[in-house]
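Q: Could we go through the cysteines and the charged pairs in this one?

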Amino acid sequence: MNYYPSAIHNLIKRLGRLPGIGEKSAERLAMHILRGPRNEAEQLARSILDMKDKIRLCATCFGLSEGEICNLCADFRRNPGIVCVVEQPADMISIERSGAFYGRYHILQGVLSPLDGIGPDNLRIRELLFRIAAGGIQEVVIATSTSVEGEATAAYLHDILKPTPIRITRIASGVPMGGDLKYVDQATLKKAMDTRHEF
């Protein structure tokens, strides 16, 4: 039975669809928005719509960007000869926060998962090969998670990159087995990046 007016009930339902937000959390958020000033609710709504309108994938690394090229790819201080391959933009952010990497990135937008119908053609692997073929890349750091899918993706990338003259490295131990990069603490990520090894 619905005890709230429909406007509140609809907001709770929508907030409850967000990852990590259960019914009780959605209810608390809805009540907070209701009690807060109208201009805060308007700013929140505008921020969401602004993000949906402006954010797209970087044409080079496939990270999140407001322009054709993201800030990291446009930063001339970063080493263009080293490319770190990650699964999602959140993984790139985690590595950036560790302060351990000063190269460029390539975001696959997922991992190989045959059971879910995700094969090499569903990821940004072809674009990685194009970047390598264009020249200038000396090392590819594979920083996929240590889940079964992450390891399978790393092995696949290793196999297709092995014939190239590129140095292929994998982030070192320190990231727990089955761990997801976005939940690993920054010191562990820094250690893993600093001690990466040949693959």
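**Cysteines and salt bridges**

A: One residue to begin with: Glu139 counts as buried, at 6% relative accessibility. Please keep in mind that this is a predicted model.

Q: Which residue does Glu139 form a salt bridge with?

A: The partner is Arg167, and the closest N and O atoms of the pair are 3.4 Å apart. Glu139 belongs to strand S5 (residues 139-142) and Arg167 to strand S6 (residues 167-170), so the salt bridge ties together parts that are 28 residues apart in sequence.

Q: And how accessible is Arg167?

A: Arg167 is partly exposed, its relative accessible area being 39%. Glu139, in contrast, is buried.

Q: How many salt bridges are there in the whole structure?

A: A search of the whole structure gives nine. Among them is the pair of Arg77 and Asp75, where 3.0 Å separates the closest N and O atoms.

Q: Is Asp75 buried or exposed?

A: Asp75 counts as buried, with 16% relative accessibility. Arg77 is exposed, at a relative accessible area of 66%.

Q: What about Asp121, which side chain does that one meet?

A: Asp121 meets the side chain of Arg126 in a salt bridge, at 3.3 Å from N to O. Asp121 is exposed, with 65% relative accessible area, and Arg126 is partly exposed, with 42%.

Q: Changing topic: how many disulfides does the structure hold?

A: The structure holds zero disulfides.

Q: Why no bond for Cys58?

A: The closest cysteine sulfur to that of Cys58 is in Cys70, 3.8 Å away, and this is too far for a bond. The cut-off that matters here is 2.5 Å between the two sulfur atoms, because a disulfide is defined as a pair of cysteine sulfurs within that distance.

Q: Which cysteine sulfur is nearest to Cys70, then?

A: For Cys70 the nearest cysteine sulfur is that of Cys61, at 3.7 Å, and Cys70 is in no disulfide.

Q: Are Cys58 and Cys70 buried or exposed?

A: Cys58 is buried, with a relative accessible area of 0%. Cys70 is buried as well, with a relative accessible area of 5%.

Q: Could you recap the cysteines and the strand pair for my notes?

A: Certainly. Zero disulfides are found, and the sulfur of Cys58 lies 3.8 Å from that of Cys70. Glu139 and Arg167 form a salt bridge, with Glu139 in strand S5 and Arg167 in strand S6.

Notes: Residues are numbered from 1 along each chain as its sequence is written. This is a predicted model: local features need pLDDT of at least 70, side-chain atom pairs count only at pLDDT 80 or more; totals for chains, interfaces and linings use all residues. Side-chain values use heavy atoms; hydrogens and water are left out. Buried means under 20% relative accessible area, exposed over 50%, partly exposed in between (1.4 Å probe, protein chains only). A salt bridge is a side-chain nitrogen of Lys or Arg within 4 Å of a carboxyl oxygen of Asp or Glu. Helices (H or I, at least four residues) and strands (E, at least two) are DSSP runs, numbered from the N terminus.
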